[in-house]
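This report describes enclosed spaces and ring contacts in one protein model. Please keep the structure in view while reading.

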Amino acid sequence: MNSPHDPSTIGSALVKRGLADMLRGGVIMDVVNPEQAKIAEDAGAVAVMALERVPSDIRRDGGVARMSDPQMIREIQATVTIPVMAKARIGHFAEAQVLQSLDVDYIDESEVLTPADEENHIDKWAFTVPFVCGATNLGEALRRIGEGACLIRSKGEAGTGNVVEAVRHLRTINAQMRRLTSADDAELFALAKDLQAPLALVQEVARTGALPVPLFCAGGISTPSDASLVLQLGAEAVFVGSGIFKSDDPVRMAQAIVEATTHYLDAGVVAKVSTGLGAAMKGIETASLEQRLAERGW
Amino acid sequence: MPRVGVLALQGDVREHSAMLAEVGAEVVAVRQVEHLDGLDGLVLPGGESTAIARLMATSGIRPVLEARLHEGLSVFGTCAGLILLSSEILDGRSDQWSFAALPLAVRRNGYGRQIASFESVVEVKGIGAIPGVFIRAPKIETWSSDLEVLAMHDHGDGDHPVLVRYGAVWGCSFHPELTSDDRLHRLFVESL
(Lines give C-alpha, C1' and ligand atoms only; values in the text may rest on other atoms or scores of the structure.)
Protein backbone atom coordinates (compact mmCIF):
# COMPACT_ATOMS: atom_id res chain seq x y z
CA MET A 1 0.00 0.00 0.00
CA ASN A 2 2.91 2.33 0.58
CA SER A 3 4.08 4.26 -2.43
CA PRO A 4 6.72 6.89 -3.09
CA HIS A 5 3.89 9.44 -3.09
CA ASP A 6 2.33 8.44 0.18
CA PRO A 7 4.30 7.64 3.31
CA SER A 8 1.26 6.09 4.94
CA THR A 9 0.91 3.50 7.67
CA ILE A 10 -1.44 0.51 7.60
CA GLY A 11 -2.49 -1.62 10.54
CA SER A 12 -1.89 1.05 13.21
CA ALA A 13 -3.82 0.82 16.48
CA LEU A 14 -5.78 3.90 15.41
CA VAL A 15 -7.07 2.44 12.14
CA LYS A 16 -7.76 -0.94 13.77
CA ARG A 17 -9.71 0.56 16.67
CA GLY A 18 -11.19 3.12 14.30
CA LEU A 19 -13.22 0.51 12.44
CA ALA A 20 -14.73 -0.61 15.76
CA ASP A 21 -15.61 3.04 16.43
CA MET A 22 -17.48 3.13 13.11
CA LEU A 23 -19.56 0.10 14.14
CA ARG A 24 -20.84 1.73 17.32
CA GLY A 25 -24.60 1.94 17.71
CA GLY A 26 -24.97 -0.90 15.23
CA VAL A 27 -25.84 -4.59 14.98
CA ILE A 28 -23.41 -7.26 13.77
CA MET A 29 -25.27 -10.34 12.60
CA ASP A 30 -24.16 -13.98 12.28
CA VAL A 31 -24.84 -15.30 8.79
CA VAL A 32 -24.16 -18.72 7.27
CA ASN A 33 -24.69 -17.98 3.55
CA PRO A 34 -24.92 -15.08 1.07
CA GLU A 35 -28.73 -15.01 1.26
CA GLN A 36 -28.65 -14.37 4.99
CA ALA A 37 -25.89 -11.81 4.51
CA LYS A 38 -28.12 -9.92 2.06
CA ILE A 39 -31.02 -10.00 4.52
CA ALA A 40 -28.72 -8.65 7.23
CA GLU A 41 -27.43 -5.80 5.07
CA ASP A 42 -30.96 -4.95 3.88
CA ALA A 43 -32.10 -4.75 7.49
CA GLY A 44 -29.35 -2.27 8.38
CA ALA A 45 -26.64 -4.49 9.93
CA VAL A 46 -23.30 -2.65 10.23
CA ALA A 47 -21.33 -5.87 9.63
CA VAL A 48 -21.84 -9.59 9.26
CA MET A 49 -20.03 -12.47 10.94
CA ALA A 50 -19.55 -15.22 8.36
CA LEU A 51 -19.65 -18.70 9.89
CA GLU A 52 -20.76 -22.17 8.88
CA ARG A 53 -23.13 -22.81 11.76
CA VAL A 54 -24.72 -20.37 14.18
CA PRO A 55 -23.84 -21.08 17.83
CA SER A 56 -27.14 -22.83 18.63
CA ASP A 57 -26.43 -25.36 15.86
CA ILE A 58 -22.82 -25.78 17.02
CA ARG A 59 -24.24 -26.55 20.45
CA ARG A 60 -26.74 -29.05 19.05
CA ASP A 61 -24.31 -30.80 16.69
CA GLY A 62 -21.35 -31.10 19.08
CA GLY A 63 -17.94 -32.10 17.68
CA VAL A 64 -15.07 -29.74 16.94
CA ALA A 65 -16.08 -26.32 15.61
CA ARG A 66 -13.48 -24.70 13.34
CA MET A 67 -12.88 -21.72 11.05
CA SER A 68 -15.32 -21.53 8.11
CA ASP A 69 -14.56 -22.62 4.54
CA PRO A 70 -12.82 -19.75 2.69
CA GLN A 71 -15.17 -20.26 -0.25
CA MET A 72 -18.16 -19.40 1.90
CA ILE A 73 -16.42 -16.31 3.31
CA ARG A 74 -15.55 -15.12 -0.22
CA GLU A 75 -19.13 -15.57 -1.39
CA ILE A 76 -20.38 -13.45 1.47
CA GLN A 77 -17.72 -10.79 0.79
CA ALA A 78 -18.90 -10.68 -2.82
CA THR A 79 -22.52 -10.27 -1.76
CA VAL A 80 -22.44 -7.38 0.72
CA THR A 81 -20.78 -3.95 0.90
CA ILE A 82 -20.58 -3.86 4.73
CA PRO A 83 -17.60 -5.26 6.70
CA VAL A 84 -17.30 -9.04 6.89
CA MET A 85 -15.93 -10.64 10.04
CA ALA A 86 -14.97 -14.28 10.58
CA LYS A 87 -14.05 -16.47 13.54
CA ALA A 88 -10.78 -18.22 14.36
CA ARG A 89 -10.33 -20.68 17.21
CA ILE A 90 -8.73 -19.36 20.41
CA GLY A 91 -4.95 -19.58 19.98
CA HIS A 92 -5.18 -20.80 16.36
CA PHE A 93 -2.97 -18.19 14.74
CA ALA A 94 -2.76 -20.18 11.49
CA GLU A 95 -6.53 -19.91 11.03
CA ALA A 96 -6.17 -16.19 11.72
CA GLN A 97 -3.42 -15.95 9.08
CA VAL A 98 -5.78 -17.60 6.58
CA LEU A 99 -8.57 -15.17 7.46
CA GLN A 100 -6.20 -12.21 7.08
CA SER A 101 -5.14 -13.51 3.65
CA LEU A 102 -8.83 -13.53 2.70
CA ASP A 103 -9.03 -9.79 3.57
CA VAL A 104 -11.75 -10.23 6.20
CA ASP A 105 -12.36 -6.93 7.96
CA TYR A 106 -12.27 -8.21 11.56
CA ILE A 107 -11.23 -11.54 13.11
CA ASP A 108 -13.16 -12.84 16.10
CA GLU A 109 -10.94 -15.05 18.26
CA SER A 110 -13.97 -16.85 19.54
CA GLU A 111 -14.94 -19.20 22.34
CA VAL A 112 -17.84 -20.35 20.14
CA LEU A 113 -15.30 -22.44 18.22
CA THR A 114 -13.34 -25.23 19.92
CA PRO A 115 -10.14 -23.76 21.42
CA ALA A 116 -6.83 -24.75 19.80
CA ASP A 117 -4.59 -23.65 22.68
CA GLU A 118 -5.56 -23.95 26.33
CA GLU A 119 -2.94 -21.51 27.59
CA ASN A 120 -2.24 -18.89 24.96
CA HIS A 121 -4.38 -16.61 22.88
CA ILE A 122 -3.22 -15.33 19.49
CA ASP A 123 -0.58 -12.57 19.46
CA LYS A 124 -2.87 -10.10 17.79
CA TRP A 125 -0.22 -7.37 17.47
CA ALA A 126 1.33 -9.51 14.73
CA PHE A 127 -1.64 -8.91 12.42
CA THR A 128 -2.73 -6.02 10.21
CA VAL A 129 -6.39 -7.02 10.44
CA PRO A 130 -7.98 -6.09 13.78
CA PHE A 131 -9.31 -8.61 16.30
CA VAL A 132 -12.34 -8.75 18.54
CA CYS A 133 -12.26 -11.01 21.61
CA GLY A 134 -14.80 -12.02 24.23
CA ALA A 135 -14.54 -11.32 27.96
CA THR A 136 -16.54 -12.22 31.04
CA ASN A 137 -14.79 -9.75 33.36
CA LEU A 138 -12.41 -6.80 33.32
CA GLY A 139 -9.23 -8.83 33.83
CA GLU A 140 -10.03 -11.00 30.83
CA ALA A 141 -10.85 -7.91 28.73
CA LEU A 142 -7.56 -6.20 29.62
CA ARG A 143 -5.53 -9.37 28.96
CA ARG A 144 -7.05 -9.55 25.49
CA ILE A 145 -6.33 -5.84 24.89
CA GLY A 146 -2.78 -6.45 26.09
CA GLU A 147 -2.50 -9.14 23.42
CA GLY A 148 -3.67 -6.64 20.79
CA ALA A 149 -7.46 -6.97 20.65
CA CYS A 150 -9.03 -3.76 19.27
CA LEU A 151 -12.58 -4.47 20.32
CA ILE A 152 -14.03 -6.36 23.30
CA ARG A 153 -17.40 -8.05 23.38
CA SER A 154 -18.88 -9.32 26.59
CA LYS A 155 -19.25 -13.06 26.00
CA GLY A 156 -22.68 -13.89 27.31
CA GLU A 157 -23.58 -17.48 26.52
CA ALA A 158 -23.76 -17.95 22.76
CA GLY A 159 -26.51 -20.02 21.19
CA THR A 160 -28.85 -19.96 24.20
CA GLY A 161 -31.15 -17.07 23.32
CA ASN A 162 -30.86 -16.20 27.00
CA VAL A 163 -29.53 -12.76 27.85
CA VAL A 164 -28.74 -13.50 31.50
CA GLU A 165 -25.02 -14.21 31.02
CA ALA A 166 -24.55 -11.16 28.79
CA VAL A 167 -26.01 -9.02 31.56
CA ARG A 168 -23.80 -10.69 34.16
CA HIS A 169 -20.65 -10.08 32.12
CA LEU A 170 -21.46 -6.47 31.25
CA ARG A 171 -22.34 -5.65 34.83
CA THR A 172 -19.16 -7.32 36.06
CA ILE A 173 -16.93 -5.42 33.64
CA ASN A 174 -18.60 -2.11 34.49
CA ALA A 175 -18.53 -2.69 38.24
CA GLN A 176 -14.84 -3.59 38.11
CA MET A 177 -14.09 -0.45 36.08
CA ARG A 178 -15.96 1.69 38.61
CA ARG A 179 -13.93 0.10 41.41
CA LEU A 180 -10.71 1.13 39.62
CA THR A 181 -11.82 4.73 39.23
CA SER A 182 -12.28 5.05 43.00
CA ALA A 183 -8.97 3.40 43.92
CA ASP A 184 -5.91 5.43 44.86
CA ASP A 185 -2.63 5.02 42.96
CA ALA A 186 -1.13 2.61 45.50
CA GLU A 187 -4.16 0.30 45.37
CA LEU A 188 -3.91 -0.11 41.60
CA PHE A 189 -0.87 -2.41 41.89
CA ALA A 190 -2.78 -4.92 44.01
CA LEU A 191 -5.91 -4.52 41.88
CA ALA A 192 -3.88 -5.28 38.74
CA LYS A 193 -2.59 -8.41 40.46
CA ASP A 194 -6.12 -9.46 41.44
CA LEU A 195 -7.42 -8.83 37.93
CA GLN A 196 -4.36 -10.58 36.41
CA ALA A 197 -4.22 -7.67 34.00
CA PRO A 198 -1.38 -5.48 32.68
CA LEU A 199 -0.69 -2.64 35.16
CA ALA A 200 -0.52 0.07 32.47
CA LEU A 201 -3.99 -0.84 31.22
CA VAL A 202 -5.36 -0.95 34.77
CA GLN A 203 -3.95 2.55 35.37
CA GLU A 204 -5.48 3.76 32.10
CA VAL A 205 -8.95 2.45 33.01
CA ALA A 206 -8.61 4.00 36.48
CA ARG A 207 -7.94 7.36 34.83
CA THR A 208 -10.56 7.26 32.04
CA GLY A 209 -13.27 5.05 33.55
CA ALA A 210 -13.62 3.16 30.28
CA LEU A 211 -11.88 0.46 28.28
CA PRO A 212 -9.25 1.77 25.83
CA VAL A 213 -11.22 0.03 23.03
CA PRO A 214 -14.98 -0.10 22.37
CA LEU A 215 -17.09 -2.55 24.41
CA PHE A 216 -19.80 -4.44 22.52
CA CYS A 217 -22.13 -7.17 23.76
CA ALA A 218 -22.67 -10.72 22.46
CA GLY A 219 -24.19 -14.00 23.53
CA GLY A 220 -27.91 -14.47 24.03
CA ILE A 221 -29.45 -11.32 22.55
CA SER A 222 -32.66 -12.40 20.82
CA THR A 223 -35.23 -9.60 21.06
CA PRO A 224 -35.31 -5.81 20.51
CA SER A 225 -35.71 -5.34 24.27
CA ASP A 226 -32.60 -7.45 24.87
CA ALA A 227 -30.66 -5.02 22.64
CA SER A 228 -32.07 -2.01 24.48
CA LEU A 229 -31.20 -3.62 27.84
CA VAL A 230 -27.54 -4.26 27.07
CA LEU A 231 -27.04 -0.84 25.46
CA GLN A 232 -28.49 0.80 28.57
CA LEU A 233 -26.03 -1.30 30.59
CA GLY A 234 -23.15 0.27 28.67
CA ALA A 235 -22.61 -1.86 25.56
CA GLU A 236 -21.88 0.29 22.50
CA ALA A 237 -23.16 -2.17 19.87
CA VAL A 238 -24.50 -5.72 19.74
CA PHE A 239 -23.57 -9.00 18.10
CA VAL A 240 -26.63 -11.14 17.37
CA GLY A 241 -25.95 -14.76 16.53
CA SER A 242 -28.71 -17.34 16.51
CA GLY A 243 -31.27 -14.75 17.62
CA ILE A 244 -32.15 -13.56 14.13
CA PHE A 245 -32.08 -16.55 11.83
CA LYS A 246 -33.56 -18.92 14.45
CA SER A 247 -36.57 -16.66 14.99
CA ASP A 248 -39.95 -17.04 13.24
CA ASP A 249 -39.46 -14.04 10.95
CA PRO A 250 -35.74 -13.26 10.48
CA VAL A 251 -36.30 -10.24 8.20
CA ARG A 252 -38.52 -8.45 10.68
CA MET A 253 -36.46 -9.54 13.67
CA ALA A 254 -33.31 -8.18 12.04
CA GLN A 255 -34.96 -4.84 11.25
CA ALA A 256 -36.48 -4.62 14.73
CA ILE A 257 -33.19 -5.25 16.54
CA VAL A 258 -31.48 -2.61 14.36
CA GLU A 259 -34.16 -0.03 15.23
CA ALA A 260 -34.07 -0.93 18.92
CA THR A 261 -30.28 -0.57 18.98
CA THR A 262 -30.42 2.96 17.56
CA HIS A 263 -33.42 4.05 19.63
CA TYR A 264 -32.54 2.05 22.77
CA LEU A 265 -33.49 4.90 25.08
CA ASP A 266 -36.92 5.32 23.47
CA ALA A 267 -39.19 2.60 24.89
CA GLY A 268 -41.94 3.72 22.51
CA VAL A 269 -39.83 2.76 19.48
CA VAL A 270 -38.79 -0.53 21.10
CA ALA A 271 -42.47 -1.30 21.79
CA LYS A 272 -43.44 -0.47 18.23
CA VAL A 273 -40.81 -2.68 16.60
CA SER A 274 -41.54 -5.51 19.07
CA THR A 275 -45.23 -5.61 18.12
CA GLY A 276 -46.39 -8.72 16.25
CA LEU A 277 -42.85 -9.87 15.69
CA GLY A 278 -43.58 -13.61 16.02
CA ALA A 279 -41.60 -15.93 18.23
CA ALA A 280 -37.99 -15.23 19.11
CA MET A 281 -35.67 -18.23 19.12
CA LYS A 282 -36.78 -20.84 21.64
CA GLY A 283 -33.69 -20.61 23.79
CA ILE A 284 -32.16 -22.62 26.59
CA GLU A 285 -32.18 -21.99 30.32
CA THR A 286 -28.50 -21.69 31.20
CA ALA A 287 -28.68 -23.84 34.35
CA SER A 288 -29.39 -26.82 32.08
CA LEU A 289 -26.35 -26.28 29.85
CA GLU A 290 -23.80 -29.07 29.56
CA GLN A 291 -21.14 -26.89 27.92
CA ARG A 292 -20.58 -23.28 28.90
CA LEU A 293 -18.78 -21.62 26.00
CA ALA A 294 -17.99 -18.53 28.11
CA GLU A 295 -15.61 -20.63 30.21
CA ARG A 296 -13.34 -21.05 27.19
CA GLY A 297 -10.54 -18.48 27.07
CA TRP A 298 -8.05 -17.60 29.79
CA MET B 1 -22.84 29.87 20.02
CA PRO B 2 -23.84 27.97 16.85
CA ARG B 3 -26.18 25.02 17.32
CA VAL B 4 -24.74 22.01 15.51
CA GLY B 5 -26.44 18.64 15.20
CA VAL B 6 -24.70 15.29 14.89
CA LEU B 7 -26.76 12.62 13.16
CA ALA B 8 -26.86 10.05 15.97
CA LEU B 9 -28.38 6.99 14.32
CA GLN B 10 -25.17 4.94 14.10
CA GLY B 11 -21.41 5.50 13.91
CA ASP B 12 -18.77 7.54 15.69
CA VAL B 13 -21.17 10.15 17.02
CA ARG B 14 -19.32 10.60 20.33
CA GLU B 15 -16.03 11.76 18.78
CA HIS B 16 -17.74 14.34 16.56
CA SER B 17 -19.84 15.62 19.43
CA ALA B 18 -16.81 16.01 21.70
CA MET B 19 -14.83 17.85 19.03
CA LEU B 20 -17.69 20.19 18.14
CA ALA B 21 -18.19 21.06 21.81
CA GLU B 22 -14.46 21.71 22.09
CA VAL B 23 -14.55 24.28 19.29
CA GLY B 24 -17.47 26.11 20.85
CA ALA B 25 -20.64 24.64 19.36
CA GLU B 26 -23.82 23.72 21.18
CA VAL B 27 -24.20 20.05 20.19
CA VAL B 28 -27.52 18.31 19.52
CA ALA B 29 -27.83 14.54 18.97
CA VAL B 30 -30.18 14.07 16.03
CA ARG B 31 -32.20 10.85 16.30
CA GLN B 32 -35.64 12.11 15.30
CA VAL B 33 -37.05 14.57 12.78
CA GLU B 34 -37.77 17.26 15.38
CA HIS B 35 -34.11 17.33 16.41
CA LEU B 36 -33.37 18.93 13.02
CA ASP B 37 -35.23 22.10 14.04
CA GLY B 38 -33.23 25.23 14.77
CA LEU B 39 -29.85 23.87 13.69
CA ASP B 40 -27.14 26.10 12.23
CA GLY B 41 -25.22 23.09 10.97
CA LEU B 42 -25.24 19.30 10.92
CA VAL B 43 -22.51 16.65 10.89
CA LEU B 44 -23.06 13.27 9.25
CA PRO B 45 -20.57 11.01 11.05
CA GLY B 46 -18.59 7.99 10.00
CA GLY B 47 -20.30 4.63 10.25
CA GLU B 48 -21.89 2.26 7.77
CA SER B 49 -23.63 4.26 5.05
CA THR B 50 -26.14 1.47 4.28
CA ALA B 51 -27.22 1.24 7.93
CA ILE B 52 -27.40 5.03 8.39
CA ALA B 53 -29.37 5.40 5.13
CA ARG B 54 -31.91 2.84 6.25
CA LEU B 55 -32.29 4.42 9.70
CA MET B 56 -32.73 7.87 8.10
CA ALA B 57 -35.59 6.46 6.03
CA THR B 58 -37.35 4.65 8.89
CA SER B 59 -37.04 7.64 11.23
CA GLY B 60 -38.47 10.05 8.63
CA ILE B 61 -35.29 12.15 8.74
CA ARG B 62 -34.48 11.60 5.06
CA PRO B 63 -37.14 13.83 3.37
CA VAL B 64 -36.81 16.59 5.98
CA LEU B 65 -33.03 16.70 5.73
CA GLU B 66 -33.33 16.67 1.95
CA ALA B 67 -35.50 19.79 2.17
CA ARG B 68 -33.11 21.46 4.63
CA LEU B 69 -30.19 20.79 2.29
CA HIS B 70 -32.13 22.52 -0.51
CA GLU B 71 -32.77 25.46 1.82
CA GLY B 72 -29.02 25.78 2.36
CA LEU B 73 -28.36 24.06 5.72
CA SER B 74 -24.63 23.68 6.34
CA VAL B 75 -23.73 19.99 6.46
CA PHE B 76 -20.37 18.29 6.96
CA GLY B 77 -20.13 14.59 6.07
CA THR B 78 -17.15 12.40 6.97
CA CYS B 79 -16.58 9.00 5.34
CA ALA B 80 -20.09 7.44 5.39
CA GLY B 81 -21.38 11.02 5.58
CA LEU B 82 -19.53 11.88 2.35
CA ILE B 83 -21.15 8.89 0.64
CA LEU B 84 -24.60 10.04 1.77
CA LEU B 85 -23.99 13.56 0.37
CA SER B 86 -22.56 12.43 -2.98
CA SER B 87 -24.29 12.56 -6.35
CA GLU B 88 -23.25 9.10 -7.45
CA ILE B 89 -22.17 5.99 -5.52
CA LEU B 90 -19.92 3.47 -7.25
CA ASP B 91 -19.71 -0.12 -5.93
CA GLY B 92 -22.62 0.53 -3.59
CA ARG B 93 -25.78 -1.49 -3.21
CA SER B 94 -27.92 -1.33 -6.34
CA ASP B 95 -30.66 0.46 -4.39
CA GLN B 96 -28.40 2.83 -2.46
CA TRP B 97 -29.63 6.43 -2.48
CA SER B 98 -27.86 9.64 -1.57
CA PHE B 99 -28.71 13.33 -1.18
CA ALA B 100 -26.81 14.50 -4.29
CA ALA B 101 -25.63 17.61 -2.41
CA LEU B 102 -22.02 17.32 -3.60
CA PRO B 103 -21.33 17.12 -7.38
CA LEU B 104 -19.00 14.12 -7.27
CA ALA B 105 -18.95 10.36 -7.69
CA VAL B 106 -17.57 8.35 -4.82
CA ARG B 107 -16.45 4.71 -4.78
CA ARG B 108 -17.34 2.84 -1.60
CA ASN B 109 -14.28 1.28 0.02
CA GLY B 110 -12.33 2.84 -2.86
CA TYR B 111 -9.10 2.66 -0.84
CA GLY B 112 -9.69 -1.04 -0.10
CA ARG B 113 -11.02 -3.25 2.68
CA GLN B 114 -9.95 -2.89 6.32
CA ILE B 115 -6.52 -4.46 5.75
CA ALA B 116 -5.69 -1.45 3.53
CA SER B 117 -7.01 1.18 5.98
CA PHE B 118 -4.25 3.71 6.62
CA GLU B 119 -3.00 6.81 8.37
CA SER B 120 -1.28 9.55 6.44
CA VAL B 121 -0.80 13.30 6.37
CA VAL B 122 -3.20 15.51 4.42
CA GLU B 123 -2.27 19.01 3.26
CA VAL B 124 -5.34 21.26 3.63
CA LYS B 125 -5.57 24.63 1.87
CA GLY B 126 -5.43 27.45 4.37
CA ILE B 127 -4.73 25.14 7.32
CA GLY B 128 -1.63 23.10 6.53
CA ALA B 129 -0.83 19.48 7.30
CA ILE B 130 -3.36 17.53 9.33
CA PRO B 131 -3.48 13.82 10.23
CA GLY B 132 -5.66 11.76 7.87
CA VAL B 133 -7.17 8.52 9.14
CA PHE B 134 -8.71 6.54 6.28
CA ILE B 135 -10.84 3.55 7.32
CA ARG B 136 -12.42 1.48 4.52
CA ALA B 137 -12.55 4.96 3.07
CA PRO B 138 -14.62 6.10 0.09
CA LYS B 139 -12.62 7.47 -2.84
CA ILE B 140 -13.78 10.49 -4.85
CA GLU B 141 -13.34 9.33 -8.43
CA THR B 142 -14.88 12.11 -10.52
CA TRP B 143 -15.97 15.60 -9.55
CA SER B 144 -17.43 18.74 -11.04
CA SER B 145 -15.10 21.61 -11.93
CA ASP B 146 -17.04 24.00 -9.67
CA LEU B 147 -16.44 21.81 -6.60
CA GLU B 148 -14.02 23.50 -4.20
CA VAL B 149 -11.24 21.01 -3.46
CA LEU B 150 -9.62 21.83 -0.10
CA ALA B 151 -7.28 18.83 -0.04
CA MET B 152 -5.97 16.30 -2.53
CA HIS B 153 -4.19 13.09 -1.65
CA ASP B 154 -2.13 10.69 -3.72
CA HIS B 155 -2.33 7.12 -2.44
CA GLY B 156 -0.21 5.76 -5.27
CA ASP B 157 -2.75 6.21 -8.07
CA GLY B 158 -2.65 9.96 -8.60
CA ASP B 159 -4.35 12.85 -6.82
CA HIS B 160 -7.91 12.41 -5.58
CA PRO B 161 -9.84 15.00 -3.57
CA VAL B 162 -10.20 14.00 0.10
CA LEU B 163 -11.74 17.21 1.48
CA VAL B 164 -14.23 19.21 -0.57
CA ARG B 165 -16.73 22.01 -0.21
CA TYR B 166 -19.69 23.01 -2.37
CA GLY B 167 -21.32 26.08 -0.91
CA ALA B 168 -22.58 25.12 2.54
CA VAL B 169 -21.92 21.41 2.09
CA TRP B 170 -18.61 19.87 3.12
CA GLY B 171 -17.34 16.32 2.70
CA CYS B 172 -14.20 14.40 3.53
CA SER B 173 -13.18 10.80 3.02
CA PHE B 174 -11.14 10.53 6.20
CA HIS B 175 -11.84 10.90 9.94
CA PRO B 176 -10.62 14.16 11.52
CA GLU B 177 -12.79 13.29 14.55
CA LEU B 178 -10.59 10.30 15.43
CA THR B 179 -7.53 12.51 15.98
CA SER B 180 -6.82 15.30 18.43
CA ASP B 181 -6.59 17.89 15.64
CA ASP B 182 -9.81 19.95 15.72
CA ARG B 183 -8.95 22.49 13.02
CA LEU B 184 -11.42 21.15 10.41
CA HIS B 185 -14.27 21.18 12.92
CA ARG B 186 -13.27 24.71 13.90
CA LEU B 187 -13.28 25.77 10.24
CA PHE B 188 -16.76 24.30 9.75
CA VAL B 189 -18.19 25.85 12.92
CA GLU B 190 -16.65 29.25 12.12
CA SER B 191 -18.30 29.14 8.68
CA LEU B 192 -21.80 28.95 10.22
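## Residue classes

In what follows, Ala, Val, Leu, Ile, Met, Phe, Trp, Tyr, Cys and Pro count as nonpolar, Asp, Glu, Lys and Arg as charged, and the others, Gly among them, as polar. The model is predicted.

## Cavities

The structure contains three cavities of 30 Å³ or more. The largest has a volume of about 180 Å³. It is lined by 24 residues, and the closest to its centre are A:Pro55, A:Ala158, A:Ala218, A:Gly219 and A:Gly241. Its lining comprises nine nonpolar, nine polar and six charged residues.

The second largest cavity encloses about 110 Å³. Among its 14 lining residues, B:Gly47, B:Glu48, B:Cys79, B:Asn109 and B:Arg136 are the closest to the centre. This lining divides into seven nonpolar, four polar and three charged residues. Helix α1 (13-22) of chain A and α4 (80-85) of chain B each supply at least two residues of it.

## Aromatic pairs

Over all chains there are 10 aromatic pairs. In one of them, the ring centres of B:Tyr111 and B:Phe134 are 5.5 Å apart and the planes meet at 55°, so the pair is tilted. B:Tyr111 is buried, with a relative accessible area of 6%, and B:Phe134 is buried at 1%. Ring pairs join B:Tyr111, B:Phe118, B:Phe134 and B:Phe174 into a cluster.

B:Trp170 and B:Phe188 form an edge-to-face pair, with 5.7 Å between centres and 85° between planes. Both residues are buried.

## Charges over rings

The charged end of B:Lys139 lies over the ring of B:Tyr111, 4.6 Å from its centre. Likewise, the charged end of B:Arg62 sits over the ring of B:Trp97, at 3.8 Å from the ring centre.

Key
Residues are numbered from 1 along each chain as its sequence is written. Chains are lettered from A and ligands numbered from 1 in the order in which they are written. This is a predicted model: local features need pLDDT of at least 70, side-chain atom pairs count only at pLDDT 80 or more; totals for chains, interfaces and linings use all residues. Side-chain values use heavy atoms; hydrogens and water are left out. On a 1 Å grid over the protein atoms alone, a cavity is a set of points where a 1.4 Å probe fits but cannot get out, and a pocket is an open set with protein on both sides within 12 Å along at least five of seven lines; lining residues have an atom within 4 Å of a point. Grid points are joined across faces, edges and corners, and a volume is the space filled by probe spheres set on the points. Helices (H or I, at least four residues) and strands (E, at least two) are DSSP runs, numbered from the N terminus. Rings of Phe, Tyr and Trp (its six-membered ring) pair if their centres lie within 6.5 Å; planes under 30 degrees apart count as stacked, over 60 as edge-to-face and the rest as tilted. Buried means under 20% relative accessible area, exposed over 50%, partly exposed in between (1.4 Å probe, protein chains only). A charge sits over a ring if NZ of Lys or CZ of Arg is within 6 Å of the ring centre and within 35 degrees of the ring normal.
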